[in-house]
Amino acid sequence: MKATCWRGRKKVRVENVPDPEILNANDAIVRITSTAICGSDLHLYNGFVPSMRSGDILGHEFMGEVVEVGKSVNNLKVGDRVVVPFPIACGNCTPCLNGMYSLCENSNPNAWMAEKLWGHSPCGIFGYSHLLGGYPGGQAEYARVPFADVGPLKVPEELSDEQVLMLADIFPTGYMGAEMCDIKPGDVIAVWGAGPVGQFAIASAYMLGAERVIAIDRFPYRLNMAKEKSGADTLNYEEVNVLEALKEMTGGRGPDGCIDAVGMEAHGHGPIYAYDRAKQAVRMETDRPIALREAITACRNGGTVSVMGVYGGFIDKFPMGSVMNRSLTIRAGQCHVQRYLQPLLDRIQKGEIDPSFVITHRMKLDDAAEGYDTFLKKQDECMKVVLTA
Amino acid sequence: MEGGMGTQYSGGGHQRNDERRGSRRETKSARQLAKALAWFSIGLGIAEILAPKKLAGLIGIRAGSGTRNVLRAMGAREIGHGVLILMQPGSAARLWTRVGGDVLDLSLLSTAMASTRNERGRLAGAMAAVLGVAALDVYDSLQLSRNGNGRIEPSPRLTTRSIISRVSEARAIEVNKTLTIRRPVQEVYTFWRDFQNLPRFMNHLESVEVVDDRRSHWKARGPAGQTVEWDAEIVADVPGERIEWRSLEGSDVEHTGSVRFKTAPGERGTEVHVELRYDAPAGKLGAALAMLFGEEPRQQVQDDLHAFKQVMETGEVVRSEGTMKGRFIQHPAQRPATESLQ
């Protein structure tokens, strides 16, 4: 089958690889009809995630038709149309039973690696390095889906692929980011990063009752989308001083909730950005936390900073003083997608939101390399690239 | 044990011959570059020790006595790098020390830049030169980190030879691990008490045959098919609390194990504390033990206990295509995980 293979920094190639096979009795094989490129795939593409091997198959946002099931699979049958969540979760360990699916204790066979880096291991993830299990990803024609009873969501015929594909990752991720802010009536939420996840965080914040949502980015087309599709206020950080603007827009208080939908490859200005880039270049700092620092500093006293942007290692110059002295709450996590699938599908079916609004580029799987390049360089007002077989 | 411990090739040794030849050439030229850099270090070090004043003038620094002493110290360090590398030119770690030295040089030079008494032009030139050499150092270190088939190993230091010698020296593999399993104490105890279940998740065990209510016959198997066998007896058995066992006197392998069970707080299930020890008397089978467990013996056993939790909570050992016992391979349709559980 064809699959998008990582071949080094800034190099992906669609190649012919063997088809997946059932390995465990809980597996299913899915023939993929649509798959997307995620902002976190760009961290892999740019070489920031350790433990990638040349030839690894990428992709963790995919959906399609079940073509084979292992003998222990009960909830799915051949022919079902499903969206597959990106965290792999067994459904039986304590975190899974508590709804924290991205903390599954059983789905990362390489847990020892993650433990060394992070203390304990989170779940395994499709197509996201050997550190997180070494599972082949879904930017391919077929994928093996472990724990098929727990993850995949059956989707109705009347919704198109484009309408539901975002349930695999970015819609629940944005939603969880907003949910973690504990939004109360009257709250103002600021979202750093108006990429696809940011767009869903913004939309979700309104869904959850925010009074006002402010999108922060430097690309006018991304800010425009936030304004037009969700009604957000916008700030271009290359034109205004964000901290001052936020204070003015919130009566001097600061936003009640600050969502970091940027992560480790943040872009910024000035000496602190140069500092971060220099340290990262010599690998003395693994991540660039520019957006995170700003989100913390801007947040009102007693507010919540909600971190959905992906970080991998260690950051420098973290404003801990600001956090501690001002009673801030920091919440973070890889999205526990499984627990949001049905509720968010319900909202889509009720017409509350059509997640396909973020899709700007539609390509064939064969053109994945071009898709990565366009997405990385934000060419052609690229927001989200979807690949079809 | 799938994957093949110790061999440098993944996926069962089907790497093509010309790939192997090519990568040997790469390793050779990487080592030659390392040696050249080592001699450069030694030469520079000698110059720094014997003629610090001239050298200082060359790079644009005013050569007070303090500066000359710093230069001499740097010279000694350079010679140290050179000698270390020449002793083992294939070692990436030793070459990385040069990179550390370059970073130090750069910071000293940039401090010197701040002072107007120094000739900035020459200093800039010196910094450029150091950066150039540093680039070579980094490149070569990375080249040396790759093993014979062009892959970067996760732990390049752990060669087969070093593990065998380490294990033979230590002569024992000891693992203590605690985990929480979301199953009632009685269920976890009963599962472990039937030793015939152990090979279901302990990768190095081929079989455990229960002879009577105290004795059992254990068979462990290495990746190349070699086997080690011993008899064991249960020393203590408190249902729901504790099981202890050990190999009989005169066994080729000295093996002791104990597992303790305790109800975890809340509804979290059972806390299981496992202690395992494998030893080879008189170094006789030290090498064989290394073979059994692969490159990282303690890690292997810890992974097995992780597998124990998976079996109890999900019914099977969770594998992925990219995780065949420490080797990083990833193509779909590698040998199915279930093979090893027979």
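**Briefing: A:L153, the chain A sheet and the contact between chains**

A:L153 is buried, because 21 other C-beta atoms lie within 10 Å (buried means 20 or more such atoms within 10 Å, with C-beta atoms placed from the backbone). This is a predicted model, in which local features need pLDDT of at least 70 and side-chain atom pairs count only at pLDDT 80 or more, while totals for chains, interfaces and linings use all residues. Residues are numbered from 1 along each chain as its sequence is written, and chains are lettered from A in the order in which they are written.

**Surroundings of A:L153**
- A:L153 belongs to strand β9 (residues 153–154) of chain A; strands are DSSP runs (E) of at least two residues, helices (H or I) of at least four, numbered from the N terminus.
- Leaving aside residues up to four places away in sequence, A:L153 touches A:V82, A:V83, A:L167, A:L341, A:Q342 and A:L345 (contact: C-beta atoms, placed from the backbone, within 7 Å).

**Sheet in chain A**
- Six strands form an open sheet in the order β12-β11-β10-β13-β14-β15, with parallel pairing (pairing requires at least two DSSP bridges).
- Its edge strands, each paired on one side only, are β12 (233–236) and β15 (329–332).
- Strands β10 (residues 188–192) and β13 (residues 257–260) of chain A pair over 4 bridges in the parallel sense, and A:V191 has A:I259 in β13(A) as its bridge partner.

**Chain B**
- Chain B has 9 helices and 7 strands, and 31% of its 342 residues are buried.
- In chain B, 25 residues are in contact with 32 residues of chain A.

Technical notes:
A residue is buried if 20 or more other C-beta atoms lie within 10 Å of its own, exposed if 12 or fewer, and partly exposed in between; C-beta atoms are placed from the backbone. Two residues are in contact if their C-beta atoms, placed from the backbone, lie within 7 Å.
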